[in-house]
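Open the structure in your viewer and keep the selection tool at hand. The tour moves from stop to stop, with a selection to make at each one.

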Amino acid sequence: MALKIVKGSIDRMFDKNLQDLVRGIRNHKEDEAKYISTCIDEIKQELKQDNIAVKSNAVCKLTYLQMLGYDVSWAAFNIVEVMSSSKFTYKRIGYLAASQCFHESTDVIMLTTNQIRKDLSSPNQYDTGVALTGLSCFVTPDLARDLANDIMTLMSHTKPYIRKKAVLIMYKVFLKYPESLRPAFPRMKEKLEDPDPGVQSAAVNVICELARRNPKNYLSLAPLFFKLMTSSTNNWVLIKIIKLFGALTPLEPRLGKKLIEPLTNLIHSTSAMSLLYECVNTVIAVLISLSSGMPNHSASIQLCVQKLRILIEDSDQNLKYLGLLAMSKILKTHPKSVQSHKDLILQCLDDKDESIRLRALDLLYGMVSKKNLMEIVKKLMLHVDKAEGTTYRDELLTKIIDICSQSNYQYITNFEWYISILVELTRLEGTRHGHLIASQMLDVAIRVKAIRAFAVAQMATLLDNAHLLTGNTQHSGICEVLYAAAWICGEFSEHLEDPMATLEAMLRPKVATLPGHIQAVYVQNAAKLFSTVLCGLEGAPADSKVAQETSQLLIDRLPVFVQSDNLEVQERASCILQLVKYIQKLQQKDVEVAEEVTALFAGELNPVAPKAQKKVPVPEGLDLDAWINEPLSGSESEDEGRKTKGKAVFAKEDSRHTKPRYTEVDEKELAKRREVRKAEQANNPFYIKASPSSQKVYQEAVGVEHIPVVQIDLSVPLKVPGMPMSDQYVKLEEERREKNKAVRKKDKKKRREKGRQRRGDSGPESEEDITPAHMVDIVTEEMPENALPSDDDDKDPNDPHKALNIDLDKPLADSEKKLPVRTHRPDEVLKSPIEDEEGLEVTSEPKKKSGKEKKDKERKKGKEKKNKRKRKQEEGEDLMEAGSEEPVQSKVTNDVAAQPPASTPEASDLDFWLSNAPVPSDPQEAAAVPDAPPASTPEAASGVAVVVPDSEPEETKSSKHKKKKEKDKKKKHHHHHHSDRAREESVQNGTVEDEEPLPPMSNYALLAENSYIKMVCDIQGNLHDGSQVVVSVIFENKCDSFIKSMEFNVMDSLNSKLQRPEGAGPHDSLTVPFHLPPGISNEARFIFSVQSIVMPQKLKGTLTFIVKTEDSSTHEKLDFKLHFTCTSYLITTPCYSDAYAKLLESGDLKGSSLKLEGINQPFHHLLARICFHHHFSVVERIDSCASMYSRSIQGHHVCLLVKTADQTVSIDAKCDEPGLLRNVLDEIKLTFSQC
Amino acid sequence: MIKAILIFNNHGKPRLIRFYEYFAEDVQQQIIRETFHLVSKRDDNVCNFLEGGSLIGGSDYKLIYRHYATLYFVFCVDSSESELGILDLIQVFVETLDKCFENVCELDLIFHMDKVHFILQEVVMGMVLETNMNEIVGQVELQNRMEKSEGLLCSAARAVSAVKNINLPEMPRNINIGDINIKVPSLSPF
């Protein structure tokens, strides 16, 4: 036995370790694969041993082999074994191997759950760390669900090393298990203020990543991030936050306004280029979001552009690249400011770095104008010639075409020039983009009527020189151009000078070597040309011989195509050949055929918009997905067989069949059929009809008369045997513009007569007042008549981040505080967050509560700290939601009552933070302002509660619409709006029947007022700290002068003290952190520490400030009294009826009661008032009796039983602190005596 | 988000690969080849950013790389990362390697891939984890000390491997990376 052990350890000594393996591989360069396969065999042997050291050594080697591309998944189980070793050394190796090769479909992962949980809770922080690191690579939905709770706990670990890793991995957990997001988020948010910079940075990272995907859910965090941004000195954190703001500003323009200043400061002050760059980027984003409303930001734009120019001019290529990248963002909204740097950007086109050249090209795209298009394209053409490497050249080519064709050829003033450019581009060898050029040629020729004559001439030249294009490389993409050329020459053959020559060029034998689809077009268009030739010749009897020669030419040349192996070519050729033969017969009998032949190709094609087909609305009652006939099982293969058979038969007999059919059809019959078809089309809703403007009577040839006459400058040689030179146009264009300028001067006198070519100009005169050379009417593309306007933003339905579109502001339901309990896997059907929530809320919630009350209380404390603001704001949304749903809550449900019932002006913290709007003077209305915005902002901010992942664009539109309406309403009927809200509120409070609307309420009470300034304030207990209250004061500037240097001071009492910054004396005043321009109001918060909360208190205070007028400034002061009521120490806290009952049973509470007489307001108003003004929540309500609950910041429970009968309200109250209770009751009494 | 980290040498031989998203082994190798192809043809004085290749990324992704003597360090990141920040992170990572290995060279990476992984794990975890070099080095050292205290990679084994080395025909030559402390001036404030 002993011998065996010794032997084992000696063996182990001679095992290869990782270094030996690497060395071995390096020594076997010739037969590496063979060497490795022997190594793998050895490893397999090692893995079979019991010794964990041997195993881990083997696994370590496998990790190396995995890097070389060897699949090591067969060793997955051994990896798990090594992972579960108790020694850190091995564990680490195991986790490393796992993170390199485990993935979601690795089945042994299932076995690791408990091991990982054990490691996560290990006392050794590095065991935990290693497990977290490993998880970040291979976490699966199952693991995420099972371990979410453990990881969440680790987020509050004592060691920052663990905290930061736990925070970071939560992101992966959220992705894999979206249900964990809401429960975990409060803690995540807490970590934003972690004392350890690493943890803070990790939390910022995660939240930024979440927010980037679903920004609107995170808007409410903006103030917090703003604070971080202005206080943090960690560049990593700053960069992330600034990037995040870039994503948030498009949703909330007011945020942008607030950001501009600190960002500008950062831009000026920072020396870190990375930070500077991100600041510039975000400023750009802000400017884009503000571009409509804010005219005075040209300074910021200038600053950005100027900084970017410095970046671009830097010798560091990285900065240059990023500078160009950011510049292209500015370009979209402020093209003018970028255009002035054209020189710099053109210079970048010469850069040796391809990435930079491509960026510069992107920029050029947006910089063109009518004025500089030709110049820029000329430059680009030079680069095309110089460019080596087809990739960059192809990129240039596409860019040239993009630049010219953008926004419907908006910048092209001279289409002759553009056609020449296209023709020049055909000279590029080996380009892949022949197709692109071809489609441009077609597009221009079809849509720009005026250019057709010129285009046809150019295309004829191209056809004539086709051999230059095709050369030897008939596979090169450029021959696609011939497709366009042939079609244009055929379709617009009336513009051809010598159709005969072109016809001949199209029927050269070499054509037969072109790709099939091009040949087909050749053949078809040869027929069109033929008809044109006949048309031109007839009438002059002397020419009948020429006509017959033409027919003979076709008859001679077409047989080549009839033999083509391409079906399409073959069919068309044989058809046309027979037709021509027939015509030849007629010609020999001296019958006039031209007119009839022309009729074959009469009519005009209109361009159809690319989306037209998609936009055809589906008529009512048509279900495109329904089966017409239920498919028989197994019939498919049979069907296919039949089909292929049919095809083969068709292909063989095809030519014989078609010949007689076509020749038999005479013109009359054709016309008749056409009539029938037309009638049918007219009645057919699916047929895309021609627009009235283009519905021409055929036979009339093309309406030549009404095409604006193009004056082709004859100095341009139209038929250069080689190729046209676009450069000539540049010169000509300049001359023309000069001339035009002169003409325009004269024009002023006799404008009317000089309307030459003005007719039909597509748009208003452009920026630079350049008249296009061709009065081009660009035929617009057709759309079906009843096309549905829709923006097709097809979002990827598989995007995992969609599942994370979860509202985080909504307070956690009781059931959500803990992650759902694990169940067996098969049971777990992935529910959408909504279902999940609702289901749990209704069923399991109340029961759970009683069981873990203690726990809940603790957690609640923590949770509420974080949630206070959010919850308040949330109400706005809840109400909105409730409004849209039917108020079907026919019985009192606890969970509804649990929602914090009354809305407070704090409802929109974000709004306050953002808005600079003046606060109305009447305190009642003061509530209206902060109250009203929730209708718009929280909705925008956090979406409607839980947004179902696949919300339709329709929906968002309607919600936008709603928002707008809501805003309107706000403006017009403040009160009406309010009452709506109030009613919805009452539904929230668990009321049964339709009840009268509540009057508006506000907690902001007037503090003090003089002719300069008005102060209103609200006092709230601080959730974070049991000994603090927060006083929010809104300062409103009532005068016409600027108020600055406001200082706030309060005489401290023994019990209550204003919290002053460290180092300040007990009587120093606090500076209010803002100035107030005339008519503006803003809110500041002051924190007071209190010791006893049993008694109400009054504190005397003074506000001093400087009023600055144009010529003088005066020092003013305003005294006030801050009234800390006992109510202000209470915090709205939801409570459930069973917990409530328990509380009352406990007997710790002392009772007191109160009777109010002569109260003639509805019961629900009464409740709402108590809720709103005294921070209670309704626990349960039955008819005219309700139980209510609240808690003080120091944890005293206050319970009320409110009953009403005949204008008398009796309140029985219980509290563990009788003094507090008495005072609260007095205050309630006071409230009702006032109204 | 960081999608992948690749380290390979001037000939495209992988020295460390780390994917934060699953790819099969053959795809991983293709990605390495493609990335090497993209990166290796670039001069040293052009910018360090590349639009991602066809296999990894898409329009939202960028390759950000640095070239040190014989090694390329390539990070594939999406648009939520700051380009210059990642460049700096690579620098931090390499400097950390330099501290941990004392004058790091390619051979260190070749023979101690596992250790390089352990160091990387302290820097990146799918997202940027730690950027403070002292913190990283400190944590790595603590872990190494712990490993030593377990004493499982016993010195006897080292002695044996020294003996084994005697038989090897050729000891690999020491290829020095050269001066690794090239700081890009513009990034120094980090």
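How many salt bridges does the rule find across the interface of chain A and chain B? It finds 8. Bear in mind throughout that this is a predicted model.

**Stop 1: the interface**

Color chain A and chain B separately. Then select the residues on each side that touch the other chain. You should have 76 residues of chain A in contact with 72 residues of chain B. Together the two chains bury about 6900 Å² between them. Carbon and sulfur atoms give 58% of that area. Now pick out M67(A), R92(A) and W236(A). These residues supply 12% of the area that chain A buries against chain B, more than any other three residues.

**Stop 2: a salt bridge between chains**

Keep R92(A) selected and add E147(B). The two form a salt bridge, and their closest N and O atoms lie 3.1 Å apart. Show the backbone as ribbons to see where each partner sits. R92(A) belongs to helix 6 of chain A, while E147(B) belongs to helix 5 (residues 133-150) of chain B. For context, the count over all chains comes to 41 salt bridges.

Turn on polar contacts next. Across the interface of chain A and chain B, 31 residue pairs are in polar contact, both residues being at pLDDT 80 or more. Which helix gives the largest share of the side of chain A that touches chain B? Select residues 88-101 of chain A: this is helix 6, and it contributes 9 residues. Now color that side of chain A by residue type. Its residues divide into 33 nonpolar, 21 polar and 22 charged.

**Stop 3: the sheet of chain B**

Hide the side chains and look at chain B alone. Here 5 strands make an open sheet in the order 2-1-5-4-3, with antiparallel pairing. Select 14-19 and 49-51 of chain B to mark the edges. These are strand 2 and strand 3, and each pairs on one side only. Look along the sheet: the twist averages 20° from one strand to the next.

Now select residues 2-9 and 71-78 of chain B. These are strand 1 and strand 5, an antiparallel pair with 7 bridges. Which residue of strand 5 stands opposite L6(B)? It is V74(B).

Bring chain A back and select its residues 317-333. This is helix 18, which packs on the sheet and touches strand 3 and strand 4 (61-68) of chain B. The direction of helix 18 makes about 45° with that of strand 3 of chain B.

**Stop 4: a sheet in chain A**

Stay with chain A and move to higher residue numbers. An open sheet of 4 strands runs in the order 6-4-8-9, again with antiparallel pairing. Its edges are strand 6 (1070-1071) and strand 9 (1113-1124) of chain A, each pairing on one side only.

Walk across the sheet pair by pair:

- Strand 4 and strand 6 of chain A: 2 bridges join them. Select F1048(A) and find L1070(A) opposite, in strand 6.
- Strand 4 (residues 1042-1050) and strand 8 of chain A: 7 bridges join them. Select E1047(A), which stands opposite T1104(A) in strand 8.
- Strand 8 (residues 1097-1108) and strand 9 of chain A: 12 bridges join them. Select T1102(A) and look across to D1119(A) in strand 9.

Strands of a sheet pair through backbone hydrogen bonds. Display the backbone atoms here to follow the pairing.

Technical notes:
Residues are numbered from 1 along each chain as its sequence is written. Chains are lettered from A and ligands numbered from 1 in the order in which they are written. This is a predicted model: local features need pLDDT of at least 70, side-chain atom pairs count only at pLDDT 80 or more; totals for chains, interfaces and linings use all residues. Side-chain values use heavy atoms; hydrogens and water are left out. Two strands pair if DSSP finds at least two bridges between them. Axes are lines fitted to C-alpha atoms, for helices over the stretch in contact, and angles run from 0 to 180 degrees between N-to-C directions. Contact means heavy atoms within 4.5 Å. Buried area is the accessible area (1.4 Å probe) that two parts lose on being put together, summed over both. A salt bridge is a side-chain nitrogen of Lys or Arg within 4 Å of a carboxyl oxygen of Asp or Glu. A polar contact is a pair of N or O atoms within 3.5 Å; within protein, one must be able to donate a hydrogen and the other to accept it, and residues adjacent in sequence count only if both atoms are side-chain atoms. Ala, Val, Leu, Ile, Met, Phe, Trp, Tyr, Cys and Pro count as nonpolar, Asp, Glu, Lys and Arg as charged, and the others, Gly among them, as polar.
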